[in-house]
Amino acid sequence: MKLLITGGAGFIGSNLCEFLLRQGHSLTILDELNDFYSPSLKRENLASIEKVGAFDFHEVDICDYPRVSGIFNSVRPEAVIHLAARAGVRPSLEQPLLYERVNVYGTTCLLEASRHSGVRKFVFASSSSIYGIANRVPFREDDQSNLPISPYAATKIAGEKMAYTYFHLYSMPVVCLRFFTVYGPRQRPDLAIRKFTDMISRGQPITVFGDGLSGRDYTFVDDTVQGIDAALHFDCGYEIFNLGNSHPITLNQMVQAIENAVGKKAIIRHEPDQPGDVPITYADISKARRMLKYSPSTPFAQGIRKFVEWYQAGQA
(Lines give C-alpha, C1' and ligand atoms only; values in the text may rest on other atoms or scores of the structure.)
Protein backbone atom coordinates (compact mmCIF):
# COMPACT_ATOMS: atom_id res chain seq x y z
CA MET A 1 0.00 0.00 0.00
CA LYS A 2 1.18 3.54 -0.73
CA LEU A 3 1.23 5.30 2.66
CA LEU A 4 1.97 8.83 3.82
CA ILE A 5 3.10 9.18 7.44
CA THR A 6 3.31 12.54 9.20
CA GLY A 7 5.67 12.77 12.16
CA GLY A 8 7.53 9.72 10.91
CA ALA A 9 10.86 10.90 12.32
CA GLY A 10 9.51 10.94 15.87
CA PHE A 11 9.29 8.30 18.57
CA ILE A 12 6.13 6.43 17.59
CA GLY A 13 6.48 7.36 13.94
CA SER A 14 9.95 5.90 13.47
CA ASN A 15 8.98 2.62 15.14
CA LEU A 16 5.86 2.48 12.99
CA CYS A 17 7.73 3.24 9.76
CA GLU A 18 10.19 0.40 10.37
CA PHE A 19 7.28 -1.98 10.93
CA LEU A 20 5.44 -0.82 7.79
CA LEU A 21 8.54 -1.13 5.61
CA ARG A 22 9.00 -4.70 6.82
CA GLN A 23 5.41 -5.32 5.75
CA GLY A 24 6.27 -4.21 2.22
CA HIS A 25 4.46 -0.86 2.12
CA SER A 26 5.66 2.17 0.14
CA LEU A 27 6.28 5.11 2.49
CA THR A 28 6.38 8.87 2.18
CA ILE A 29 7.34 10.58 5.45
CA LEU A 30 6.52 14.20 6.29
CA ASP A 31 8.25 15.74 9.30
CA GLU A 32 9.17 19.31 10.17
CA LEU A 33 12.19 18.24 12.28
CA ASN A 34 11.35 21.11 14.64
CA ASP A 35 13.27 21.94 17.80
CA PHE A 36 10.66 20.75 20.33
CA TYR A 37 13.47 18.33 21.08
CA SER A 38 16.80 17.90 19.32
CA PRO A 39 16.37 17.55 15.53
CA SER A 40 19.54 15.43 15.54
CA LEU A 41 17.63 12.69 17.42
CA LYS A 42 14.97 12.73 14.71
CA ARG A 43 17.61 12.46 12.03
CA GLU A 44 19.03 9.46 13.89
CA ASN A 45 15.55 7.95 13.81
CA LEU A 46 15.36 8.51 10.04
CA ALA A 47 18.75 6.84 9.63
CA SER A 48 17.47 3.83 11.57
CA ILE A 49 14.39 3.61 9.33
CA GLU A 50 16.63 3.80 6.27
CA LYS A 51 18.45 0.67 7.42
CA VAL A 52 15.16 -1.21 7.08
CA GLY A 53 14.17 0.09 3.66
CA ALA A 54 13.90 3.02 1.26
CA PHE A 55 11.33 5.80 1.66
CA ASP A 56 10.63 9.32 0.43
CA PHE A 57 11.17 12.10 2.96
CA HIS A 58 9.93 15.68 2.95
CA GLU A 59 10.98 18.19 5.59
CA VAL A 60 7.82 20.27 5.73
CA ASP A 61 5.52 22.08 8.16
CA ILE A 62 2.07 20.47 7.97
CA CYS A 63 0.58 23.98 8.25
CA ASP A 64 2.15 24.93 4.91
CA TYR A 65 -0.88 23.92 2.87
CA PRO A 66 0.49 24.72 -0.61
CA ARG A 67 3.54 22.49 -0.04
CA VAL A 68 1.55 19.76 1.67
CA SER A 69 -1.05 19.76 -1.08
CA GLY A 70 1.68 19.58 -3.74
CA ILE A 71 3.23 16.54 -2.06
CA PHE A 72 -0.14 14.80 -1.80
CA ASN A 73 -0.95 15.48 -5.43
CA SER A 74 2.44 14.13 -6.48
CA VAL A 75 2.47 11.05 -4.27
CA ARG A 76 -1.26 10.19 -4.37
CA PRO A 77 -1.15 8.13 -1.17
CA GLU A 78 -3.81 5.50 -0.60
CA ALA A 79 -3.82 6.10 3.15
CA VAL A 80 -2.51 8.68 5.63
CA ILE A 81 -1.34 8.04 9.19
CA HIS A 82 -1.25 11.43 10.89
CA LEU A 83 1.08 11.36 13.92
CA ALA A 84 2.62 14.83 13.64
CA ALA A 85 1.60 17.19 16.45
CA ARG A 86 2.78 19.54 19.10
CA ALA A 87 2.70 17.11 22.01
CA GLY A 88 2.61 17.38 25.79
CA VAL A 89 0.25 18.84 28.35
CA ARG A 90 2.62 21.20 30.20
CA PRO A 91 4.20 22.87 27.13
CA SER A 92 0.70 23.53 25.77
CA LEU A 93 -0.05 25.71 28.80
CA GLU A 94 2.81 27.98 27.75
CA GLN A 95 2.13 28.02 23.99
CA PRO A 96 -1.59 27.48 23.40
CA LEU A 97 -1.64 29.40 20.12
CA LEU A 98 1.13 27.24 18.67
CA TYR A 99 -0.66 24.07 19.77
CA GLU A 100 -3.91 25.22 18.19
CA ARG A 101 -2.16 26.11 14.94
CA VAL A 102 -0.29 22.82 14.51
CA ASN A 103 -2.80 20.40 15.98
CA VAL A 104 -6.01 21.90 14.59
CA TYR A 105 -5.10 23.94 11.50
CA GLY A 106 -2.33 21.49 10.54
CA THR A 107 -4.71 18.54 10.83
CA THR A 108 -7.26 20.37 8.71
CA CYS A 109 -4.59 20.99 6.05
CA LEU A 110 -3.91 17.26 5.91
CA LEU A 111 -7.60 16.36 5.74
CA GLU A 112 -8.14 18.84 2.93
CA ALA A 113 -5.10 17.59 1.00
CA SER A 114 -6.32 14.03 1.54
CA ARG A 115 -9.76 14.89 0.18
CA HIS A 116 -8.41 16.47 -2.99
CA SER A 117 -5.90 13.70 -3.69
CA GLY A 118 -8.32 10.82 -3.22
CA VAL A 119 -6.98 9.32 0.03
CA ARG A 120 -9.02 6.23 0.93
CA LYS A 121 -8.16 6.03 4.66
CA PHE A 122 -7.13 8.61 7.27
CA VAL A 123 -5.74 7.45 10.64
CA PHE A 124 -5.53 10.23 13.23
CA ALA A 125 -3.38 10.02 16.37
CA SER A 126 -5.47 11.36 19.21
CA SER A 127 -4.74 11.17 22.94
CA SER A 128 -6.07 9.87 26.23
CA SER A 129 -5.73 13.48 27.45
CA ILE A 130 -9.11 14.23 25.87
CA TYR A 131 -10.87 12.40 28.70
CA GLY A 132 -9.85 15.05 31.24
CA ILE A 133 -10.92 14.59 34.85
CA ALA A 134 -14.69 14.25 34.57
CA ASN A 135 -15.01 10.66 33.44
CA ARG A 136 -15.56 7.25 34.93
CA VAL A 137 -12.71 4.80 34.81
CA PRO A 138 -11.76 2.94 32.78
CA PHE A 139 -12.22 5.46 29.96
CA ARG A 140 -14.58 4.35 27.20
CA GLU A 141 -14.77 5.74 23.69
CA ASP A 142 -18.48 6.50 24.10
CA ASP A 143 -17.99 8.71 27.18
CA GLN A 144 -19.66 12.02 26.38
CA SER A 145 -18.41 14.16 29.27
CA ASN A 146 -14.96 14.96 27.86
CA LEU A 147 -13.79 18.08 29.69
CA PRO A 148 -10.19 18.82 28.65
CA ILE A 149 -7.97 20.58 31.18
CA SER A 150 -5.12 21.56 28.88
CA PRO A 151 -4.86 23.24 25.47
CA TYR A 152 -3.19 20.05 24.16
CA ALA A 153 -6.21 17.94 25.10
CA ALA A 154 -8.61 20.47 23.61
CA THR A 155 -6.74 20.48 20.29
CA LYS A 156 -6.93 16.69 20.09
CA ILE A 157 -10.70 16.78 20.61
CA ALA A 158 -10.88 19.41 17.86
CA GLY A 159 -8.84 17.15 15.56
CA GLU A 160 -11.24 14.26 16.13
CA LYS A 161 -14.24 16.48 15.39
CA MET A 162 -12.68 17.89 12.23
CA ALA A 163 -11.89 14.36 11.07
CA TYR A 164 -15.52 13.38 11.65
CA THR A 165 -16.64 16.38 9.60
CA TYR A 166 -14.56 15.17 6.63
CA PHE A 167 -16.03 11.70 6.95
CA HIS A 168 -19.56 13.13 7.10
CA LEU A 169 -19.15 15.58 4.22
CA TYR A 170 -16.86 13.63 1.91
CA SER A 171 -17.24 9.97 2.99
CA MET A 172 -13.53 9.78 3.85
CA PRO A 173 -12.98 6.72 6.09
CA VAL A 174 -11.36 7.83 9.34
CA VAL A 175 -10.04 6.06 12.44
CA CYS A 176 -9.08 8.12 15.51
CA LEU A 177 -6.72 6.36 17.91
CA ARG A 178 -6.50 7.60 21.49
CA PHE A 179 -2.97 6.75 22.63
CA PHE A 180 -2.29 6.10 26.31
CA THR A 181 1.22 7.14 27.49
CA VAL A 182 3.32 5.29 24.93
CA TYR A 183 6.87 4.37 25.97
CA GLY A 184 9.80 2.35 24.63
CA PRO A 185 12.98 2.75 22.56
CA ARG A 186 13.42 6.26 21.07
CA GLN A 187 11.00 7.84 23.54
CA ARG A 188 11.20 11.62 23.56
CA PRO A 189 13.78 12.98 26.01
CA ASP A 190 11.22 15.23 27.71
CA LEU A 191 9.02 12.31 28.79
CA ALA A 192 9.22 10.95 32.31
CA ILE A 193 10.47 7.42 31.69
CA ARG A 194 13.40 8.54 29.55
CA LYS A 195 14.17 11.52 31.75
CA PHE A 196 14.04 9.48 34.96
CA THR A 197 16.13 6.68 33.47
CA ASP A 198 18.81 9.17 32.48
CA MET A 199 18.86 10.97 35.82
CA ILE A 200 18.74 7.84 37.98
CA SER A 201 21.56 6.33 35.92
CA ARG A 202 23.66 9.46 36.50
CA GLY A 203 22.84 9.66 40.22
CA GLN A 204 20.95 12.91 39.76
CA PRO A 205 17.78 13.72 41.74
CA ILE A 206 14.40 13.35 40.02
CA THR A 207 11.32 15.47 40.70
CA VAL A 208 8.07 13.69 41.54
CA PHE A 209 4.99 15.89 41.37
CA GLY A 210 2.29 15.13 43.94
CA ASP A 211 2.23 12.07 46.18
CA GLY A 212 3.32 9.63 43.46
CA LEU A 213 -0.07 7.91 43.39
CA SER A 214 -1.25 9.35 40.07
CA GLY A 215 -1.70 6.55 37.54
CA ARG A 216 -0.88 6.24 33.86
CA ASP A 217 -1.88 3.50 31.43
CA TYR A 218 1.62 2.97 30.01
CA THR A 219 1.60 1.25 26.61
CA PHE A 220 4.73 -0.22 25.02
CA VAL A 221 5.40 1.20 21.59
CA ASP A 222 5.34 -2.19 19.82
CA ASP A 223 1.78 -2.72 21.07
CA THR A 224 0.76 0.74 19.87
CA VAL A 225 2.27 0.04 16.45
CA GLN A 226 0.26 -3.18 16.19
CA GLY A 227 -2.88 -1.20 16.98
CA ILE A 228 -2.12 1.42 14.33
CA ASP A 229 -1.55 -1.30 11.75
CA ALA A 230 -4.85 -2.93 12.63
CA ALA A 231 -6.64 0.42 12.30
CA LEU A 232 -5.02 0.99 8.90
CA HIS A 233 -6.58 -2.20 7.58
CA PHE A 234 -9.91 -1.88 9.39
CA ASP A 235 -12.87 -1.31 7.06
CA CYS A 236 -15.09 1.42 8.51
CA GLY A 237 -16.62 4.84 8.05
CA TYR A 238 -15.62 6.69 11.23
CA GLU A 239 -14.44 5.00 14.41
CA ILE A 240 -12.59 5.90 17.61
CA PHE A 241 -10.47 3.39 19.53
CA ASN A 242 -8.51 3.48 22.76
CA LEU A 243 -5.01 2.04 22.37
CA GLY A 244 -3.84 1.45 25.92
CA ASN A 245 -2.65 -1.38 28.10
CA SER A 246 -5.61 -1.31 30.52
CA HIS A 247 -3.28 -1.66 33.54
CA PRO A 248 -2.56 1.75 35.13
CA ILE A 249 0.80 2.10 36.89
CA THR A 250 1.35 4.68 39.63
CA LEU A 251 4.20 7.16 39.43
CA ASN A 252 5.82 5.45 42.42
CA GLN A 253 5.60 2.05 40.70
CA MET A 254 7.10 3.52 37.53
CA VAL A 255 10.08 4.89 39.45
CA GLN A 256 10.58 1.53 41.20
CA ALA A 257 10.53 -0.34 37.87
CA ILE A 258 13.22 1.96 36.50
CA GLU A 259 15.28 1.54 39.67
CA ASN A 260 15.08 -2.24 39.27
CA ALA A 261 16.07 -2.13 35.59
CA VAL A 262 18.91 0.37 36.10
CA GLY A 263 20.15 -1.18 39.34
CA LYS A 264 20.23 2.14 41.23
CA LYS A 265 17.98 3.87 43.76
CA ALA A 266 16.41 7.16 42.80
CA ILE A 267 17.06 10.39 44.69
CA ILE A 268 13.57 11.89 44.84
CA ARG A 269 12.47 15.49 45.29
CA HIS A 270 8.73 16.03 45.84
CA GLU A 271 6.86 19.00 44.36
CA PRO A 272 3.14 19.93 44.28
CA ASP A 273 0.87 18.63 41.50
CA GLN A 274 1.21 20.41 38.17
CA PRO A 275 -1.67 22.28 36.47
CA GLY A 276 -3.14 20.33 33.56
CA ASP A 277 -2.15 16.90 34.87
CA VAL A 278 -4.95 14.38 35.28
CA PRO A 279 -4.95 11.99 38.27
CA ILE A 280 -5.30 8.82 36.20
CA THR A 281 -5.51 7.49 32.67
CA TYR A 282 -7.06 4.07 32.28
CA ALA A 283 -8.14 2.63 28.94
CA ASP A 284 -11.12 0.39 28.38
CA ILE A 285 -9.80 -1.48 25.35
CA SER A 286 -12.72 -3.87 24.90
CA LYS A 287 -13.82 -2.14 21.68
CA ALA A 288 -10.30 -2.31 20.17
CA ARG A 289 -10.00 -5.97 21.25
CA ARG A 290 -13.32 -6.83 19.64
CA MET A 291 -13.08 -4.86 16.40
CA LEU A 292 -9.32 -4.51 15.75
CA LYS A 293 -8.19 -7.72 17.48
CA TYR A 294 -5.88 -5.43 19.44
CA SER A 295 -4.09 -7.32 22.17
CA PRO A 296 -1.24 -5.55 24.02
CA SER A 297 1.25 -8.16 25.16
CA THR A 298 4.11 -6.29 26.89
CA PRO A 299 3.98 -6.18 30.71
CA PHE A 300 5.24 -2.91 32.15
CA ALA A 301 8.33 -4.32 33.88
CA GLN A 302 9.36 -6.09 30.66
CA GLY A 303 8.82 -2.95 28.60
CA ILE A 304 10.92 -0.90 31.02
CA ARG A 305 13.73 -3.46 30.78
CA LYS A 306 13.63 -3.22 26.97
CA PHE A 307 13.71 0.56 27.16
CA VAL A 308 16.62 0.62 29.62
CA GLU A 309 18.57 -1.84 27.44
CA TRP A 310 18.09 0.51 24.48
CA TYR A 311 19.07 3.53 26.58
CA GLN A 312 22.21 1.85 27.94
CA ALA A 313 23.27 0.69 24.47
CA GLY A 314 23.15 4.33 23.37
CA GLN A 315 25.39 5.37 26.28
CA ALA A 316 28.06 2.75 25.57
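**Helix pairs and backbone features**

Helices α5 and α6 cross each other in a right-handed sense, and this pair is a useful place to begin reading the structure, which is a predicted model. Helix α5 covers residues 96-117 and helix α6 covers residues 151-170, and their axes, which come within 9 Å, cross at roughly 15°. Because angles under 35 degrees count as roughly parallel, α5 and α6 are described as roughly parallel to each other.

On the α5 side, the contact is formed by Pro96, Tyr99, Glu100, Asn103, Val104, Thr107, Thr108, Leu111, Glu112 and Arg115, which meet Pro151, Tyr152, Thr155, Ala158, Gly159, Met162, Ala163, Tyr166 and Tyr170 of α6. Sorted by class, the contact of α5 with α6 comprises 11 nonpolar, 5 polar and 3 charged residues. The spacing of such positions can be read against a general property of helices: an α-helix has 3.6 residues a turn, so residues three or four places apart point the same way.

The length of α5 can also be checked against expectation, because its 22 residues, at 1.5 Å a residue, should span 32 Å, and the C-alpha atoms at its ends lie 31 Å apart, which agrees. Immediately after the helix, α5 is followed by glycine 118, whose phi is positive, near 80°.

Two further backbone features lie in the loops on either side of α6. In the loop between β5 (121-127) and α6 one finds proline 138, and the peptide bond that leads from valine 137 to proline 138 is cis, with omega near -5°. In the loop between α6 and β6 (174-179) sits serine 171, which has a positive phi of about 55° although it is not a glycine.

A second helix pair joins α1 (residues 11-22) and α8 (residues 221-232), whose axes come within 10 Å and cross at roughly 60°. That angle makes α1 oblique to α8, and the crossing of the two helices is right-handed. From α1 the contact draws on Phe11, Ile12, Asn15, Leu16, Phe19 and Leu20, while α8 contributes Val221, Val225, Gln226, Ile228, Asp229 and Leu232. By class, the residues in this contact of α1 with α8 divide into 9 nonpolar, 2 polar and 1 charged.

The third pair is made of α9 (residues 251-262) and α11 (residues 300-315), which pack at an angle of about 50° with their axes 9 Å apart. This makes α9 oblique to α11, and α9 passes α11 in a right-handed crossing. The residues that make the contact are Met254, Ala257, Ile258, Ala261 and Val262 of α9, together with Phe300, Ile304, Arg305, Val308 and Gln312 of α11. Of the residues in the contact of α9 with α11, 8 are nonpolar, 1 is polar and 1 is charged.

Stepping back to the whole chain, the protein contains 11 helices and 13 strands, and its C-alpha trace spans about 55 × 45 × 40 Å along the principal axes. A compact globule of 316 residues would have a radius of gyration near 20 Å, and because the protein has 19 Å, the two values agree.

Methods:
Residues are numbered from 1 along each chain as its sequence is written. This is a predicted model: local features need pLDDT of at least 70, side-chain atom pairs count only at pLDDT 80 or more; totals for chains, interfaces and linings use all residues. Side-chain values use heavy atoms; hydrogens and water are left out. Axes are lines fitted to C-alpha atoms, for helices over the stretch in contact, and angles run from 0 to 180 degrees between N-to-C directions. Helices (H or I, at least four residues) and strands (E, at least two) are DSSP runs, numbered from the N terminus. Angles under 35 degrees count as roughly parallel, over 145 as roughly antiparallel, 65 to 115 as roughly perpendicular and the rest as oblique. A crossing is left-handed if the near helix is turned anticlockwise from the far one by less than a right angle, and right-handed if clockwise. Contact means heavy atoms within 4.5 Å. Ala, Val, Leu, Ile, Met, Phe, Trp, Tyr, Cys and Pro count as nonpolar, Asp, Glu, Lys and Arg as charged, and the others, Gly among them, as polar. The expected span of a helix is 1.5 Å times one less than its number of residues. The radius of gyration is taken over C-alpha atoms; the globule rule is 2.2 Å times the number of residues to the power 0.38.
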